[in-house]
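This report looks at aromatic rings and at the charged side chains that lie over some of them. Please keep the sequence and the model in view while reading.

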Amino acid sequence: MMSQEVIEVRSPSNLNVIGTVKRMHKDEVRGEIEEAYKGFEIISKMPLYKRTAILRKVSEILEREQERLAKLLAMEAGKPIRDSRVEVLRASRLFRHAAEEVGMVLEGKNYRVDAYEYPPGNENRIVVSTREPIGVVTAILPFNFPINSFAHKVAPALAVGNSVVVKPSINTPLAAIEMKKILVEAGLPDSAVRVVTGYSSEIGDEIITHPLVGLITLTGSTQTGLKIASKAVSLGKRIIMELGGSDPIIILEDANIERASSIAVRARFEYAGQNCNAGKRIIVREEIYDKFVKAFNDKARALKVGDPLDETTDVGPVINKESVENLNSVLADAKAKGGKVEILNKGPESGSFFPLTMVTNPSLDMLVLKSEVFGPIVPIVSVKSDEEAIRIANSTEYGLQSAIFTNDVNRALKLSRELKFGAVIINDSTRLRWDSLAFGGFKKSSIGREGVRETMLEMTENKLIAITLL
């Protein structure tokens, strides 16, 4: 029998134990935060060229270790091996981008205050601004991008001179531990990044409320994020929250059905639909509805659902049995409210696999349309007009990303003004994300924006220094 002080990590594809992590408690986490503050005192005083050299070295090591880390992702997160390799490569590039951009972010400004009459005497003053690190950053990671999300939060924090306490998902903690080892190998002081493992119900409060924590950055569900944000702000702490999404894909009647259906299948079912910017709702003009549904159906049935370590696998399992139960409740709700549920593609019976499923004739009161469905279920809605498409697209509390497929770019640009989302992707996938650009959404999809430069700005304080010449 396993000790209660250890948590087993199981692969979602076969439920085998692939490792264990320590079940930390509050006193241990408190010690890790205090250690991270010592790391802050070191890294904040480190010359910028030394910090950027460490980040570049991390990028090199990630490229060298790509295959090993990709296999770990496939086992731990259930992410198909081909997609896992892409995630590791993205993380490598992200550390490099942080090294390249930090100099521009921290360069500060010289203000011509002699342009202002007040306060008197400005002609004899020099005013400059600098950006300084906040201190200890808490980074709360999701299960679906355990390496790339680590990079998105840790690389910018280190670049500007913060230290980081990383809390990985209890489903995917092994990747974060490996990333910490790589950072130390690259020359980072051991205290500058600390990884804490355990149940959020036992240690979550400590990593949010501890007086030495200056900023909390989280990628996770809207419900969890808003609770943490409320508590953090009440204590005067900074926050960056990348939360939920229910991204719509709008298919207009003049769209290329072959291209649109191919991209939509990938956007919905990639990583078993467990991406925050997955195309979770498809809205199709009635003129081409039947043709689109058939094309989508055919392409979904052609996907291979199976072992994430198999090079030919397109879709793996969902993260755990709890996810399977939640998805079953979504389908039960759809059936009870008149939706037509059709299984398109079934995976293995073992593990936490969930069939690729389509819901037609959905209504706005169904969970499949109004909530964030984190799994391979796709509702496809028929609409009579562009106005109806926009109304349905904007009908949820989320506003992360959206997509429009049409041959009329002017029409798409007009519609994009009406869509309340952080990004409108024309003729491509809602899954598009540029790691160095701002990423986030309207409404309850985010607080602040994430992206290499944006994150650095959020993770630094702007200080004015005024000199009166005597």
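**Burial and the helical pair**

A residue is called buried when its relative accessible area is under 20%, exposed when that area is over 50%, and partly exposed in between. In this predicted model, both Phe 292 and Phe 296 are buried in that sense. They lie 4 residues apart in helix H10 (residues 289–302), so that about one helical turn separates them. Their ring centres are 6.0 Å apart and their planes stand at 35 degrees, which makes the pair tilted.

**An edge-to-face pair across the chain**

The structure holds 5 aromatic pairs. One of these joins Phe 143 and Phe 374, whose rings meet edge-to-face, at 5.9 Å centre to centre and with 85 degrees between the planes. This pair links distant parts of the chain, 231 residues apart: Phe 143 belongs to the loop between strand S5 (136–140) and helix H5 (148–159), and Phe 374 to the loop between helix H12 (367–370) and strand S14 (377–383).

Phe 143 counts as buried because its relative accessibility is 14%, whereas Phe 374, with a relative accessible area of 25%, is partly exposed. Together with Tyr 271, Phe 143 and Phe 374 form one aromatic cluster.

**Charged side chains over rings**

Which residue lies over the face of Phe 145? Lys 79 takes that place, at 3.7 Å from the ring centre. Over the face of Phe 439 lies Arg 433, at 3.9 Å from the ring centre.

Definitions and conventions: Residues are numbered from 1 along each chain as its sequence is written. This is a predicted model: local features need pLDDT of at least 70, side-chain atom pairs count only at pLDDT 80 or more; totals for chains, interfaces and linings use all residues. Side-chain values use heavy atoms; hydrogens and water are left out. Rings of Phe, Tyr and Trp (its six-membered ring) pair if their centres lie within 6.5 Å; planes under 30 degrees apart count as stacked, over 60 as edge-to-face and the rest as tilted. Helices (H or I, at least four residues) and strands (E, at least two) are DSSP runs, numbered from the N terminus. Buried means under 20% relative accessible area, exposed over 50%, partly exposed in between (1.4 Å probe, protein chains only). A charge sits over a ring if NZ of Lys or CZ of Arg is within 6 Å of the ring centre and within 35 degrees of the ring normal.
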